[in-house]
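Please take the sequence and the model together, and read the paragraphs below with both in view.

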Amino acid sequence: MSERINTPYTSEHFVDFCLSFLGQPYWYGTVVYKCSESLRSRKAKQYPTHYKDNRTARYRDDIAKKKVCADCVGLIKGYNWTGGGKGVRESIGTDKTFSSKYGGNGCPDKSANGMFTYAKSKGCAWGTIDTLPEIPGVALRSDGHVGVYVGDGYAVEERGFSYGCVKTKVSSRKWTHWFQLPFVDYGDTTFVGGSYVKPDTAQTNYTLGTRTLKDGSKGADVKAMQEFLLQLEYTLPRYGADGEFGTETETALKAFQKKVGIKQDGIYGSESHAALMDAVADDDEGKADDAPDTDESVEMPAAKQVRIVCDNGSVNIRVGNDTRYSRITSVKAGTTFEWIATAENGWHAVVVNAQIGWVSGKYSRVV
């Protein structure tokens with residue numbers, strides 16, 4: 001993140017810009033503009049119901065304090081039109097100015113509702129607010145309004161004339177949807193869930209456990225699930241682990257679900273994922289116990305806890321035993337977890353939040 005936060009148009013840089021805009025005023029119909037009398041006069045003629053006489057004193061106070069203004073969707077458009085907010089924060093409260101290019105960075109001139117429709121037309125991820133992912137930089141919307149999710153349950157929004165740009169708790173507002181912005185770089189983030197269904201192939205690089213799988217699903221996560229089922233001796237005689245979820249895979253999954261005592265619906269959700277990871281960990285541990293006692297075999301420790309050890313900061317718990325897998329959570333030094341297994345590369349499988357997670361042996365040890 002240290003690099004991306006300094007790179008315009010990345011989600012980290014975008015969120016940092018939004019946070020730096022807190023306290024700036026809401027002027028309807030503006031797109032990150034320096035407050036000026038000529039701007040106020042022009043907008044008053046364009047939108048007389050928003051620029052009534054009883055608001056003029058406040059607008060002129062904003063001008064005197066050399067603030068920068070925007071409306072809700074204007075904050076998003078203005079960031080892109082100013083080259084990723086170039087020179088904007090330096091101009092707040094000073095005589096410095098900045099340039100703006102209409103439609104910059106491929107960001108169209110859309111209304112709040114129009115921006116949501118545009119993002120969907122570009123194939124962007126979106127969903128209802130109850131499926132909001134922990135991905136700072138996605139947009140939030142309600143009818144006629146838009147904000148930006150900045151993480152940890154909070155949003156930045158140009159809320160209105162009486163509020164200006166403020167940071168609000170998502171749960172305290174009436175947001176209905178979230179959506180990915182097509183002109184923001186979210187890095188290696190994989191968008192799943194909500195109402196969005198990404199077209200995929202047997203090679204699509206999804207991580208097992210990050211989305212629900214069912215008949216018709218395709219991708220690397222389907223193949224991983226199939227390989228685990230084969231490891232546990234569930235048969236896929238016709239197609240094998242081909243990365244495509246069909247009736248053969250559904251039958252094998254239902255057999256697994258029946259054996260572990262969970263709902264036999266042939267759908268691979270969070271409950272099936274946790275059960276499969278438990279079963280695979282038990283199988284791997286059993287094979288290690290049965291392995292011949294040679295110099296090449298991996299000695300599995302008898303201890304049943306893993307302690308996080310790091311000099312400072314936090315350590316990521318991931319869904320697989322490599323940094324390419326997505327993060328489940330981050331934990332501080334001294335935290336302990338129930339040990340499940342240890343992979344040959346030194347990563348430890350642990351129980352976290354009622355599921356199997358993996359932590360690097362570089363930052364943890366079995367105790």
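What follows goes from a sheet and the helices on it to the cores, and then to single residues.

The model is a predicted one, and a convenient place to enter it is the open sheet of six strands, whose order is β3-β8-β4-β5-β6-β7 and whose pairing is antiparallel. At the edges stand β3 (residues 126–128) and β7, and because each of these has a single partner strand, one side of each is left without a neighbour in the sheet. Direction ignored, neighbouring strands of this sheet are turned by 30° against each other on average. Towards the β7 edge, the antiparallel strands β6 and β7 are joined by five bridges, and Ala 155 stands opposite Thr 168 of β7.

Two helices can be placed against this sheet. Helix α1 lies across β5, β6 and β7 and runs at about 110° to β5, whereas α6 lies across β3, β4, β5 and β8 and runs at about 55° to β8. Is α1, with its 10 residues, mostly covered or mostly uncovered? The helix, which spans residues 11–20, is mostly covered, seven of its 10 residues being buried. These buried residues are Ser 11, Glu 12, His 13, Phe 14, Val 15, Phe 17 and Cys 18, a list in which polar and charged residues stand beside nonpolar ones. An α-helix has 3.6 residues a turn, so residues three or four places apart point the same way. The cover over the buried residues of α1 includes the strands β5 (145–151), β6 (154–158) and β7 (165–169), together with the helices α4 (72–81) and α5 (88–91).

The nonpolar interior comes next. In soluble globular proteins, nonpolar side chains tend to be buried together. Here the largest nonpolar core holds 45 residues, and within it Phe 21 and Leu 181 touch the most other members. At least two residues of this core come from each of α1, α4, α6 (112–121), β4 (139–142), β5, β6 and β8 (177–179), and α4 gives the most, with six residues. Once its neighbours within four places in sequence are left aside, Leu 181 is in contact with Phe 14, Ile 76, Met 115, Cys 124, Gly 137, Ala 139 and Tyr 186. Separate from this core is a second one of 28 residues, which includes Tyr 234, Phe 245, Ala 252 and Ile 356.

Strand β5 also contains a histidine worth following, His 145. With a relative accessible area of 12%, His 145 falls under the 20% limit and therefore counts as buried. The side chain of His 145 makes a polar contact of 2.7 Å with the side chain of Glu 157. Not counting residues up to four places away in sequence, the residues that His 145 touches are Cys 72, Ala 112, Asn 113, Leu 140, Glu 157, Glu 158, Arg 159, Arg 173 and Trp 175.

How many disulfides does the model have? The count comes to zero. Cys 35 shows the reasoning for one cysteine: its sulfur is 3.9 Å from the closest cysteine sulfur, that of Cys 69, and because a disulfide requires the two sulfur atoms to be within 2.5 Å, this is too far for a bond. Cys 35 is itself buried, at a relative accessible area of 5%, and Cys 310 is also buried, at 19%.

The remaining residues lie in loops. Thr 323 has its place between β10 (314–318) and β11 (327–332), and because its relative accessibility is 57%, above the 50% limit, Thr 323 counts as exposed. Its contacts, leaving aside neighbours within four places in sequence, are with Arg 318 and Trp 347. Thr 323 and Trp 358 are 35 residues apart in sequence, and their C-alpha atoms are 9.7 Å apart in space.

Two further loop residues have a positive phi although neither is a glycine. Asp 152, in the loop between β5 and β6, has a phi near 55° and is exposed, with a relative accessible area of 71%. Glu 233, in the loop between α7 (220–231) and α8 (247–260), has a phi of about 75° and is exposed, with a relative accessible area of 71%.

Technical notes. Residues numbered from 1 in each chain as written. Predicted model: local features only at pLDDT ≥ 70, side-chain atom pairs only at ≥ 80, totals over all residues. Heavy atoms only, no water. Buried < 20%, exposed > 50% of the residue type's maximum accessible area, 1.4 Å probe, protein only. Helix = DSSP H or I, 4+ residues; strand = E, 2+ residues; numbered from the N terminus. Contact = heavy atoms within 4.5 Å. Core = buried A, V, L, I, M, F, W, Y, C linked by side-chain atoms within 4.5 Å. Polar contact = N/O pair within 3.5 Å; in protein donor to acceptor, adjacent residues only side chain to side chain. Pairing = 2+ DSSP bridges. Axes fitted to C-alpha atoms, helices over the stretch in contact; angles between N-to-C directions.
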